[in-house]
Amino acid sequence: MSGKAPMARLDRLLANLGYGSRREVTDLVGRRQVLLDGAVVKDAGARIPVTADLPDRMTVSGQPLDPPAPLTLMMHKPLDVVCSHREAGRSVYELLPSRWRARIPALSTIGRLDKDTSGLLLITDDGPFLHRVISPRSHVAKRYVATLDRALTGGEAEVFAAGTLMLEGETAPLAPAVFEPLGATEARLTITEGRYHQVRRMFAAVGNHVTALHRDRIGGLALPADLAAGGWRPLRPDEQGAIFA
């Protein structure tokens, strides 16, 4: 297997990263706004190796180059934002640099958190990685902290672990889930599926109501304590691996 970096035309690379059309990128180069290793790049059609350290070596209008594809981000999704371009309201994509909405390939969330759920969210342009995370064969668990309207009864762990719980309107039982009480009205729930509003519906099935929901872990990847709501950063390769650990 060759370790040679892929090559790309500069104008196409910058256009795919959302810096403008290829004509606009050519103009950017003509205005001496693109530097590589400290030297002005004069040819918009120049072919350059797309290496992992390129954002450390190239600047555009005085700022480090945006990370090229494939890119995966972790975000601390705040409340009151949605995960879809088609839903009404402010979206998670609006928390990213505006030009990132023009990236090719496009960024997509890996699964979704609803408007009233906060916590760890992954966003990527890496299709194979996205499908690996969401594939049932990967058994990637998601852990949530739920605040409840009523006190726990003590029987939730057994019900959720049985693998026989049926949600209203569905024909297949849920896979076993791990329940950990944290207080009279607070608990952690770890699931391996991603059915519609699953955690809220599970608690509804045992006669309770979720008043707040926060996802703090995907697989072996925990939401960092220092990543504030609305914050995001690129996921490191070791963190990607931790998801499947």
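**Pockets, a covered strand and ring contacts**

The largest pocket has a volume of about 760 Å³ in this predicted model. Its lining is made up of 31 residues, and Gly111, Arg112, Tyr144, Gly194 and Arg195 are the ones closest to the centre of the pocket. Several elements contribute to this lining: α4, β10 (142–148), α6 (198–205) and β13 (210–218) each provide at least two residues. In character, the lining of the largest pocket divides into 13 nonpolar, nine polar and nine charged residues.

The second largest pocket has a volume of about 410 Å³. Here 16 residues form the lining, and those closest to the centre are Ala52, Pro68, Ala69, Pro70 and Leu71. The lining of the second largest pocket consists of twelve nonpolar residues, three polar ones and one charged one.

Next comes strand β7, which spans residues 72–77 and is mostly covered, with six of its six residues buried. Following the side chains along β7 is a helpful exercise: Thr72, Met74 and His76 point one way, while Leu73, Met75 and Lys77 point the other way, and all of them are buried. Which strands pair with β7? One is β9 (residues 117–124), joined to β7 in the antiparallel sense over six bridges; within that pairing, leucine 73 has isoleucine 123 as its bridge partner. Another is β15 (residues 232–234), also antiparallel to β7, over three bridges. In this second pairing, methionine 74 is matched with arginine 233.

The aromatic rings complete the picture. The model contains five aromatic pairs. In one of them, phenylalanine 129 and phenylalanine 244 meet edge-to-face, with 6.1 Å from centre to centre and 90° between the planes. This pair links distant parts of the chain, 115 residues apart: phenylalanine 129 belongs to helix α4 (residues 127–134), and phenylalanine 244 lies in the segment after α7 (237–243). Are these two rings buried or exposed? Phenylalanine 129 counts as buried because its relative accessibility is 8%, under the 20% cut-off. Phenylalanine 244 has a relative accessibility of 23%, so it counts as partly exposed.

Phenylalanine 244 has a further contact, since the charged end of arginine 132 sits over its ring, 3.6 Å from the centre. A similar kind of arrangement involves arginine 103, whose charged end sits over the ring of tryptophan 100, 5.4 Å from the ring centre. Elsewhere, ring pairs join Phe160, Phe179 and Phe203 into a cluster.

Key:
Residues are numbered from 1 along each chain as its sequence is written. This is a predicted model: local features need pLDDT of at least 70, side-chain atom pairs count only at pLDDT 80 or more; totals for chains, interfaces and linings use all residues. Side-chain values use heavy atoms; hydrogens and water are left out. Buried means under 20% relative accessible area, exposed over 50%, partly exposed in between (1.4 Å probe, protein chains only). Helices (H or I, at least four residues) and strands (E, at least two) are DSSP runs, numbered from the N terminus. Two strands pair if DSSP finds at least two bridges between them. Rings of Phe, Tyr and Trp (its six-membered ring) pair if their centres lie within 6.5 Å; planes under 30 degrees apart count as stacked, over 60 as edge-to-face and the rest as tilted. A charge sits over a ring if NZ of Lys or CZ of Arg is within 6 Å of the ring centre and within 35 degrees of the ring normal. On a 1 Å grid over the protein atoms alone, a cavity is a set of points where a 1.4 Å probe fits but cannot get out, and a pocket is an open set with protein on both sides within 12 Å along at least five of seven lines; lining residues have an atom within 4 Å of a point. Grid points are joined across faces, edges and corners, and a volume is the space filled by probe spheres set on the points. Ala, Val, Leu, Ile, Met, Phe, Trp, Tyr, Cys and Pro count as nonpolar, Asp, Glu, Lys and Arg as charged, and the others, Gly among them, as polar.
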